[in-house]
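Q: Hey, can you walk me through this protein model? I'm new to this, so plain words please.

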Amino acid sequence: MEGQLCANLEISVEKRQGASPPSFIALLKVYRELLVSRIRNTQCLIDNLIENDYFSAEDAEIVVQFPTQADKVRKILDLVQSKGEEVSEYFICVLQKVADAYYELQPWLDEIGYEPSENICSKPVVNTDPVSRYCQKLRYELGRDSKFVMSYGQREEMLLEEIYSNSIMELVGFTNESLGKVYQLEALFDDTVGLINEDGETIYVFGDAGIGKSILLQKIQSLWARKELDIGAKFFFCFRCRMFSCFKEDEAICLKDLLFKYNCYPDQDPTEVFHYILQFPHTVLFTFDGFDEIYSNFDLSTMPEMCSPSEAVHPLVLLVSLLRGKLLKGSKKILTARTGTEIQRNIIRKKVLLRGFSSNNLKDYTAMFFKDEGQRALVLNQLEANPNLCSLCTVPLFCWIIFKCYEHFHSMFDSHELPDCSVTLTDVFLLMIEVHLNRSLKTSLLKNTTRSQAEVFRSRKETLLALGKMAYKGMENSFFIFQQEEVSSVNISEGDLQLGFLRTVKGYSGCDDQFTYEFLHLTLQCFFTALFLVIEEKVSAKELLRFFNECSSTETVQPTCLRIPWLKKQLEGEDPFRNNEHFHFTNLFLCGLLSRSKQKLFRHLVLPAVIKRKRKILITYFGESMKSHLKGLTRSSLPNYNQIQVQPNFVWMLRCLYETQNEKVGKLAAKRMHANYIKLTYCNAYSADCSAISFVVHHFQKRLALDLDNNNINDYGVKQLLPCFSKLAVIRLSVNQVTDHGVRILYEELSKYQIVSFLGLYNNQITDVGAKYVAKLIEECSSLEYVKIGANKITSEGGKCLAQAIQKSKTMFEIGMWGNQVGDEGAKAFAEALRNHPRLTNVSLAFNGITTEGGKSIAEAMQHNNSVKIFWLTKNELDDEAAMSFAEMLKVNKKLVHLWLIQNRITAKGVKYLSEALKENTAIKEVCLNGNLISQEEAKAFEDEERIICF
């Protein structure tokens, strides 16, 4: 427009002869129409003109009297021009320096090439623009709100910086295949890594309950508020999705109210601020925490797609429209949900899986939590000695609870003991309840007067029952927010609120005049629900098992969470936001609370006969449901094995079994599997789940295959599998965060029993140190035939050790080394291992940095090998010289069937060598050369030899 205006008027502001400056008065006259149409904020101009004594108070009063914004701008221009060149230039300087307010004029300022004079540069410009002021207010309020984390006692607030610790964040694809780790939070917004859908706008962060999704968002919020997160976001709006459940079915608000009323309201000109947001949506960052926690009866199918930012509709429609990019398209969004919540692919830009603490993360967190070096060392030693507890600590929430309990009992009793090795998640939560009830009791100055756990629970039975009743009522309808009247209706007193199990939250839906409450974490509400089911005597068998039935489904796949009616037909009565994990946790705690070991605790809270009846109901249900569940699993017959492929729900069944600590039930589960190959891949199993797996697997009488590929089982999980190793002939732990320490455990245990035949460790964190342990296992264990250890961090040193061990082994059948870095030195060692090896059949040295030198060594050694049938050398750096050596090998070796030389540096010259060699070899079926330096035209020369595959 600016250019057209200039052309139409055929006026230009030219510099006078010599160094004379341009006429700024003339500029304002020429572009008067443009300035009147694009200046929306007059107050900032007036403030600065007054501050520098260019305007008087009377001038300002004259401007303010005009009714419209355009008239105010015209009057300011008249006054500025009447006051001369200096004031006119200062006016333009303000437009340039307060870019937030006058963003529509920045192209014009660039076009006229304005640069302030030395005199004007010395004049201050104060940004009183509503947009800038609002951004400052947002940063202040979000910084204040994110500075502290409320403890579970709600009596102390801890600095986020003193409690936040990094955990494992992994970018994944649509089918959860790994795309790499996230080491810096800025990488979440970097499209060069992990981008899976460029049309999507939402970064989807998921993980189990307690894994750290909410505190991650709080960390992002804190960094943004301190201007330490450079992602181009001027505005940050954070929402807790469960609050959307508070809106009534007939409630309607517009986008402007959703942003400002439920976040931070502009002190000046909200209309101008909102207009800026609409103009520049890419400057907005949204976080929506806990999408799976929305439970509403509102029927989305009654509403059309929402595109108008001014129309008032139900808040859920606004939420869905924001996520789908129908509103504020181009804005940045982070959405969190629990594992198993399926989100429509078309809205997702990236997927990020939170995996909890690695062993190093846990050490860092322990150092942060326990400032005293002696106490820290004591805790780490006890965790090391207790793999069960250590595994629980890989989940940040459970780690926090365990550490807080340890801290409390240490201060009360000078006790240095953590719970013993049979600890379950139920034990941890009982301990937490005890800690908070203990802190509320009046005690003498002598520490040892504190009562036992049973006495503490008995003294606060009514409180526990009241909290449990409210938790249960909420769980029935999947509600996680409670109004004041709901709290009062179950007789929760002010003193009960001070215990710290509930916290107040900001009210939505017109409830600002009342307190609104929630349990401190979803899992805590689950625990109190289970506690109510145990100690309320009137609970029927149907009510006791209600949440087991909620988890039962004929569908093998979770329903899509974002099931929008106009995209996909919604099932009758189905909640589009449903996720069952809170029911699973409730069932888990119910199993733990009704276990035999807890009878002593509850005998003073409920009649023993009632506990016995409920326990019998639960065990009977378990027997029947296990039978039904196991019968429905996918089964297949393999050589020497009957395999079952389980679903993620099976892991929850194992968790519940473990909480019961009932050996009879565990033995029954093992018996009813009718299989000796358990495939637990992609089940989101954590290290703590290995306790539950061991609880069942150790009951198997015969040798067993256990496939745990693609889960989250780290070194702690490996240690939890100790009771199983005497039975395991096949152990697969690929893609599981296993380090050298975990490999050491595997070597020490598997070498004892000498029965393992298959070891899968692909894509873990194994270095040369771990490779040496695997090498020792190959040497010492004659039963070992298959080793998959690709995509680790093994160099030539580890490669040499493995090669030397294979050379000594007479039983090795397959070695998979894809994606390491053994280089030419490692390749030479493998060449010696291959020479005259009696059994090695499948070999992969793909993607290992092997050049011509290493390739020639392998080719020469293969002239003396009669066992290898398949050889993968894909993605190395082999050239024509290496190809010539392989051609010579093929003239001699008549046992090799498949040779893969894909993605190397072989040209048509090298292909010719290989093609000529095939004339003397009828045994080999294919030489794959895709991705080498061969054009399609050149490849035509080898079309007659079908075994040469170039494209």
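**The sheet and its neighbours**

A: Sure, let's start with an open sheet of seven strands, in the order β4-β3-β9-β5-β8-β7-β6 with mixed pairing. Strands here are DSSP runs of E with at least two residues, helices are runs of H or I with at least four, and both are numbered from the N terminus. Two strands pair if DSSP finds at least two bridges between them.
A: One caution: this is a predicted model, so local features need pLDDT of at least 70 and side-chain atom pairs count only at pLDDT 80 or more, while totals for chains, interfaces and linings use all residues. Residues are numbered from 1 along each chain as its sequence is written, and side-chain values use heavy atoms, leaving out hydrogens and water.

Q: Which strands are at the edges?
A: β4 (178–181) and β6 (235–240), each of which pairs on one side only.

Q: And how do β5 and β8 run, parallel or antiparallel?
A: Parallel, with six bridges joining β5 (residues 202–207) to β8 (residues 332–338). One bridge pairs T202 with K333 of β8.

Q: What packs on the sheet?
A: Helix α12 (residues 213–225) does, touching β3 (168–172), β5, β6, β7 (284–289), β8 and β9 (348–356). Touching, or contact, means heavy atoms within 4.5 Å. The direction of α12 makes about 160 degrees with that of β8; axes are lines fitted to C-alpha atoms, for helices over the stretch in contact, and angles run from 0 to 180 degrees between N-to-C directions.

Q: New topic: at what angle do α40 and α41 pack?
A: About 0 degrees, with the axes of α40 (residues 880–892) and α41 (residues 908–918) 8 Å apart. So these two helices are roughly parallel to each other, a label for angles under 35 degrees. Among the residues making the contact are F886 and L890 of α40 and Y913 and L914 of α41.

Q: OK, what about the inside? How many residues has the largest nonpolar core?
A: That core has 275, and F235, F237, F403, I858 and F871 have the most contacts inside it. A nonpolar core is a set of buried Ala, Val, Leu, Ile, Met, Phe, Trp, Tyr and Cys residues joined through side-chain atoms within 4.5 Å. Buried means under 20% relative accessible area, with a 1.4 Å probe and protein chains only.

Q: Which helix gives the largest share?
A: Helix α25 (residues 522–535), with eleven residues.

Q: And how much of the chain counts as buried?
A: 58% of its 951 residues.

Terms used:
Buried < 20%, exposed > 50% of the residue type's maximum accessible area, 1.4 Å probe, protein only. Parallel < 35°, antiparallel > 145°, perpendicular 65-115°, else oblique.
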